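Ready for some practice in reading a protein structure? Take a look at the chains below, then try each exercise before you read its solution.

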Amino acid sequence: MTTATAPAKRSAATPDLSRAALPLRRRAIDLTARLLMVLAVLAAGVPLLLVIYHVLAKGVGIVDLDFLTADIPVRARVAGPGMGPAVVGTLIITGAAALLSIPLGVLGAVYLNEYGKQSLLARVIRTMADVMTGVPSVVMGLFILVVWVLAVGEQTGFAAALALACLMLPVIIRSSEEMLRLVPDELRQASAALGARRWRTTVSVVLPAAISGITSGAMLAIARAAGETAPIVVVAGTVTWTNWNLFEGNNTTLTAQIFKNAVEPFEAAHGRAWGAALTLMMIVLVFTILARFIAGRFAIKNR
Amino acid sequence: MTSVTSISTLIPGNASAMPTSSARTVMQLTDVSVFYGAYEAVRGTTMPIREHQITAMIGPSGCGKSTVLRSLNRMNDLINGARIQGTITFHDQDLYAPNVDPIQVRRRIGMVFQKPNPFPKSIYENVAYGLRINGIKDNLDGRVEKALRDAALWDEVKGKLNTSGLALSGGQQQRLCIARAIAVQPEVILMDEPCSALDPIATGKIEDLMHELSRTFTIVIVTHNMQQAARVSHYTAFFTAEVDDKQVRHGRLVEFNDTGRIFTNPNDKRTEDYITGRFG
Amino acid sequence: MTQQPNPALAMSSKARSRIADRTFWAICLIAGIAVLAILGLILGSLISQSMPAFREAGLDMFTNTRWVPNDPDADGPAGPIYGLLAFAYGTVVVSIIALIFAVPVSLGIALFLTELAPRRVRGTVVTFIDLLASVPSVVFGLWGVLVVAPALVPVYQWLHGTLGGIPVLGRLFGEAASGRNFMTAGIILALMIVPIITSISREVFDTVPDSDKQAAWALGATRWEMIKGSVLPHSFGGVVGAIMLGLGRAMGETILVALVMGSAVQITPNLFAGGYALPGAIVNLFGESSGTFTAVLMVMGVVLFVMTVLINLLARVIVRRAEVRMKGATA
């Protein structure tokens, strides 16, 4: 066996099995393909790192407690903080959107997974929920503008919450249904065998079993919604002072302020935009990490 | 009922299954153990694979026979964490030497799988695939025809070479897979329970085909069907699963011998128990 | 001394629980139907609000390239002109550029994840892609307009200098007055749609039956030959669906494009010129609009809605059919 690998000993009967014996063309194509795959990962990864770097580099010096709480300067050219109204707006508008969409979405998911299953209606709803995730957010903004803002006669934070809720709804339905489907049928049968009615089984057995997964999906939907801009600009208007009232008066969010300040020609406005971007990404990150954490716990519990 | 009488019924009067004693050793396994991560699936296997002979690997499920088969053309490399200890040689070359390219190994040691797995392409393209990737362009039609003829499929498909390989029956699909494997002219063909998904008639055709193919190729077949091993093979390796003192199961080669010996006069009691149906 | 159960009471409690069951079912059903209701309402309300535009501007909107909304009595035309073609052009061009960049990158990443990467690397890359998906589009927009656009101006000028002279093709590489143009917007938009195309393609590649890959390996295929022979033929339909989902996302993306592409209403082959897309027009112009102008913006909304819904619907059907076919093949 020691002599076998010596090239001199090779004859027609002892084939060359080394990589070098593979035709150069095949080796080159294979290597190129692998390189291109790695390059593709870098092509997406490097810009992502650059975005994060720039947001951090330009935002860190700006974000402080004052920035997070002070009113927005009325004139964009004025240097100094803050983004308080936008922070408050982001939190209460996204929060209200979550309150509106999560119960509706979870109940819709319960319908799809526990009642509708493969019926025609359920399949249509499923497909349409998928389609609805593709509806541009600006269209959702226009929709709320027509059915709410024009009817009420005022741009409000609540209108923005409605628009975000519409955007979140299909995401929550689909992710919750996914989680409900993971609940083993034995649990339902065990509950039914004890004489529990369908709704009782669902509320006291199925939903608790899926709750972490549903929460995790909801957190991701919230993170996504907090980053939406177009519907806010269309239906919430803008303010420079903190408006805690969702139902009266204009409101604003971090995203809307980034959009507004990015196109101002003033350094001070750009600084505030970077600060707002950093704040926004922190909020999104918190919800994303929360979602992962909760999902991780769910996975362990499942085992 | 003695074991001898029951065994003799397993072997039809089949002269072609007599081993050629002068056959060269193409491959040699020496003390081969296969690991998946820390788990040792098969322990210490030593056996030869002889040229132009059919070697059967039999044994109860979980005995590691498929695992050993897949280590012969380095298909196990594709499984995360799989590795082997010991040596497997092919024409006296260590198959697992650092300079050996598994792609070259698989080109020369082909494989046919348990479930027929033609590509979702035409019959012609299925057979031509291996030729194309190996850069063989001359006389493609002739080579495809030869492979299909050698796989005893030509007469059934010659009029519909452009239809999908998936449109064939299960037995035809398996012969198509054999045609695809032999088109690139390997030396050894590994067959992993090639008939377990087929009906008896299709199985019979493949078994006949294996006899024909053994004139040109060396064949190693894993089968759970003892009669099949007795009918087609010249040599038989009997594997079994053992539980060691740590309560871990390992596959183990019990006995390797001429098929006739294994089925009439095995050396090991466990082999005898298995083939007479007292075990497994 | 056990109390005899009152049959009437037992009946009523059973009936009550049945009512509770029906009520719960009805609530869930309504929640499910809400999706259909909202989609219907969107279409209905936007169409009804856009009717004035159809009455006054007519179908001319869809063929006219000129956009003069607030200039009824100045130099040129007699009344406002609402030609939407320039906006549609902007949307199409920027989406195509985005796809040209995003598709190879996404497929490369998806193949890397399913066929090449060791398990540990795979987890890291997946986290990275998730992170990319979680960056709000307005942050990409801010980055694009303040960092990328200025940085790319010299590159565009160099490209104009080297490629601008080529006949016909050179017209794509015209003067770059600023970095806010079709090209920059397309490139950054590509980053935004990479995660969705990647994740769907990955699912599609993952459904390729292992037996097909093994067959290719056993014939001595290299990794790329295995991918070309076994993975890609199986995945064609699903990948087309994934690309269409990416296209739908690209066409609907508003803020990023509005920030990075500038606001020039024009149809020009020059990829280094500014442009305007439909969603951006809605966001930027609705504040200053009224009457017919507002209705025209609603028309833009309807066009966007219908296009994205159709693309999404088609994409989902294609992806699902591809998946069913593959599962059928393995069964």
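The exercises below deal with a predicted model.

**Exercise 1: chain A and chain C**

Describe the interface of chain A and chain C, from its residues and area to its salt bridges.

*Solution.*

Step 1. Begin with the residues: 79 of chain A are in contact with 78 of chain C.

Step 2. Turn to area. The two chains bury about 6800 Å² between them, and 81% of this is on carbon and sulfur atoms. On the side of chain A, the residues that lose the most area to chain C are A:Met37, A:Leu48 and A:Arg197, which together make up 10% of what that side buries.

Step 3. Look for charged pairs. There are four salt bridges between chain A and chain C. C:Asp130 forms a salt bridge with A:Arg292, where the closest N and O atoms are 2.6 Å apart.

Step 4. Add the polar contacts: ten residue pairs between chain A and chain C qualify. As for helices, α1 (residues 24–59) of chain A gives the most to the side of chain A that touches chain C, namely 21 residues.

**Exercise 2: chain C and chain B**

Now work through the interface of chain C and chain B, and find which helix of chain C gives the most to it.

*Solution.*

Step 1. Here the contact takes 18 residues from chain C and 24 residues from chain B.

Step 2. Chain C and chain B bury about 1700 Å² between them, with 61% of it on carbon and sulfur atoms. C:Gln214, C:Ala218 and C:Leu219 supply 35% of the area that chain C buries against chain B, more than any other three residues.

Step 3. The count of salt bridges between these chains is zero, while three residue pairs are in polar contact.

Step 4. Two helices of chain C, α6 (210–218) and α7 (223–252), each supply at least two residues of the side that touches chain B. The helix you were asked for is α6(C), which gives the most, with seven residues.

**Exercise 3: a nonpolar patch**

Find the helices behind the nonpolar patch on the surface of chain C, then decide: is C:Ile47 buried, partly exposed or exposed?

*Solution.*

Step 1. Locate the patch. Its residues include C:Leu43, C:Ile47, C:Phe54 and C:Leu310, and the whole patch has about 660 Å² of accessible area.

Step 2. Name the helices: α1 (7–56) and α10 (292–330) of chain C each give two or more residues to the patch. The largest share, four residues, comes from α1(C).

Step 3. Zoom in on C:Ile47, which is found in helix α1 of chain C. C:Ile47 counts as partly exposed because its relative accessibility is 35%, and that class lies between under 20% for buried and over 50% for exposed.

Conventions:
Residues numbered from 1 in each chain as written. Chains lettered and ligands numbered in written order. Predicted model: local features only at pLDDT ≥ 70, side-chain atom pairs only at ≥ 80, totals over all residues. Heavy atoms only, no water. Patch = residues over 30% accessible without salt bridge, like charges linked within 9 Å, V, L, I, M, F, W, Y side chains within 5 Å. Areas by Shrake-Rupley, 256 points an atom, 1.4 Å probe, with all protein chains shown as cover. Salt bridge = Lys/Arg side-chain N within 4 Å of Asp/Glu carboxyl O. Buried < 20%, exposed > 50% of the residue type's maximum accessible area, 1.4 Å probe, protein only. Contact = heavy atoms within 4.5 Å. Buried area = accessible area lost by both parts, 1.4 Å probe. Polar contact = N/O pair within 3.5 Å; in protein donor to acceptor, adjacent residues only side chain to side chain.
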